[in-house]
Amino acid sequence: MGNKKIMFILIFILSLFAVSAVCADNVMVMKDDSIHQVSTLQAFMHGEYDGIITVGDLKQNGDTGLGTFEGANGEMIVLDGVVYQAKADGSIQEMPNNEKVPFAVVTTFDEDASMKDISAKNFSDLTSQLDKEIDKLGKNNIYVLKIKGDFSNITVRSVEKQEKPYKEFTEVAKTDQKVFNYTNQSGTIVAVYFPKYMEGLNMHGWHLHFLSDDKTKGGHVLELNMTKANAGIDIISEFNMLLSTKESFTKMDLSENMSSKISSVE
């Protein structure tokens, strides 16, 4: 990490989350049913786009997840241990281990439950079905899903890399967002769910990123029509967070309720 010091904060969330160990070289070591988050979504929304961990280190903490890259450079999809970037020009590339990450969530995927032969006419239909499933499993857990299926239509976005001074992400979405609409695709959606009481650290509800089977299309999911799919569900009972010690973060005012701003871009 060079001369940039990083601190790990292990957070108790009520009685649901256990504290994991941190080894001497700053790699979180407990993986089963745990999720590892880089920074807070709220800080990212305020324009905290400098990376604080490398892709190589991120992969040591999980093989499935989502996020972005330094400068809010595109959308991250972590699938089967590979970190992909959905770029603003619509292309997909595998990212090198030295690339920096300002925000991400990853887990070592372990299927605890599943949904078979599901279809959805749109984004809202899909998330409604997912909500019903987690209501049965326990709405106060964190969940990571891999939804593999066929899509008659899927709309995704990415954003162009930002330069300093960074603007808030709501402004980035207005000026630098690129939207792509694809038809007749097969692929995987990585879906992450955080419960309501954690929205000070992440967004409440569903965050979905897509990657096509041929690894040529992907991004943050805005809309879809899913004809048939199966979903594997990982129930998360442990939460670990990595925060920057940079002054831009440590002195940032994070008291603003960002829920409406997050909803406007998610």
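This tour visits the largest cavity and then the largest pocket of a predicted model.

**First stop: the enclosed spaces**

Begin with the whole protein displayed. The model holds three cavities of 30 Å³ or more. The largest cavity has a volume of about 120 Å³. To find this cavity, select Phe-44, Glu-75, Arg-157, His-207 and Glu-266, which are the closest to its centre among the 15 residues that line it.

**Second stop: the walls of the largest cavity**

Next, colour helix H1 (41-45), strand E4 (64-68), strand E11 (142-159) and strand E13 (205-212); these are the elements that each give two or more residues to the lining of the largest cavity. Which element gives the largest share of this lining? The answer is H1, with three residues.

Then colour the lining residues of the largest cavity by class. Seven of them are nonpolar, five are polar and three are charged.

**Third stop: the largest pocket**

Now turn to the largest pocket, which contains about 230 Å³ of space. Select Glu-199, Met-203, His-204, Ser-259 and Ile-262: of the 16 residues that line the largest pocket, these lie nearest its centre.

Highlight helix H6 (residues 259-265) as well. Helix H6 gives the most to the lining of the largest pocket, namely three residues.

**Last stop: the classes in the pocket lining**

Finally, apply the colouring by class to the lining of the largest pocket. How many residues of each class does this lining have? There are six nonpolar, seven polar and three charged residues.

Note on methods: Residues numbered from 1 in each chain as written. Predicted model: local features only at pLDDT ≥ 70, side-chain atom pairs only at ≥ 80, totals over all residues. Heavy atoms only, no water. 1 Å grid on protein atoms, 1.4 Å probe; cavity = no way out; pocket = protein on both sides within 12 Å on 5 of 7 lines; lining within 4 Å. Points joined across faces, edges and corners; volume = space filled by probe spheres on them. Helix = DSSP H or I, 4+ residues; strand = E, 2+ residues; numbered from the N terminus. Nonpolar A, V, L, I, M, F, W, Y, C, P; charged D, E, K, R; others polar.
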